[in-house]
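Trainee: Could you walk me through this structure, one question at a time?
Mentor: Gladly, have a look at it here and then ask away.

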Amino acid sequence: MPVVISSPELMHEYGRKLGQQLYAGDLICISGSLGAGKTALTQGIAGGIGISGVTSPTFVISRIHHGTLDLVHVDAYRLKDDPAALFDDLDLESLLDTSVVVMEWGENF
């Protein structure tokens, strides 16, 4: 069932509460149109695990943010035609044991 959030601030707060419940090895795939709040949700998740300064990895595909629990933030939009590249090229498999992975545009994963 889709979650409907009415503002970026509420999306951030929703993400923060979600982030407080995550553990290393968790993978969150986020889908939504442009401007739907995917990055705001990710910023909230980051805040929930003690990380700040998260920006969209659109042009670099992924960023690793270090904290008490690491966050791997992936923008899979440009990899949508080859989801296997996420594990092969980004080496996500080796990061899953020690990190939370949040993947924007993850519907094709």
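Trainee: Let's start with Ile 61: where is its place?
Mentor: First, a word on the model: it is predicted, local features need pLDDT of at least 70, side-chain atom pairs count only at pLDDT 80 or more, and totals for chains, interfaces and linings use all residues. Residues are numbered from 1 along each chain as its sequence is written, and side-chain values use heavy atoms, with hydrogens and water left out. Helices (H or I, at least four residues) and strands (E, at least two) are DSSP runs, numbered from the N terminus. With that settled, Ile 61 sits in the loop between α2 and β2 (62–65).

Trainee: What is the phi of Ile 61?
Mentor: Most residues other than glycine have a negative phi. Ile 61 is not a glycine, yet its phi is positive, near 75°.

Trainee: Is Ile 61 buried or exposed?
Mentor: Buried means under 20% relative accessible area, exposed over 50%, and partly exposed in between (1.4 Å probe, protein chains only). Ile 61 has a relative accessible area of 19%, so Ile 61 is buried.

Trainee: How many residues of helix α2 are buried?
Mentor: Helix α2 covers residues 38–48. Among its buried residues are Leu 41, Ile 45 and Gly 48. The helix is mostly covered, and of its eleven residues the number buried is eight.

Trainee: Which elements are included in what covers the buried residues of α2?
Mentor: Contact here means heavy atoms within 4.5 Å. α2 lies across β1, β3 and β4. The cover of its buried residues includes α1 (8–19), β1 (27–30), β3 (70–75) and β4.

Trainee: What is the order of the strands in the open sheet?
Mentor: Two strands pair if DSSP finds at least two bridges between them. The sheet has four strands with mixed pairing, and the order is β1-β4-β3-β2.

Trainee: Which are the edge strands?
Mentor: Look for strands that pair on one side only. That description fits β1 and β2.

Trainee: Which residue in β3 does Ser 62 stand opposite?
Mentor: β2 and β3 run antiparallel, joined by four bridges. Across from Ser 62 in β3 stands Val 74.

Trainee: Is Ser 99 buried or exposed?
Mentor: Ser 99 lies in strand β4 (residues 99–104). Leaving aside neighbours within four places in sequence, Ser 99 is in contact with residues including Tyr 23, Asp 70 and Val 72. Its relative accessibility is 1%, so Ser 99 counts as buried.

Notes:
Axes are lines fitted to C-alpha atoms, for helices over the stretch in contact, and angles run from 0 to 180 degrees between N-to-C directions.
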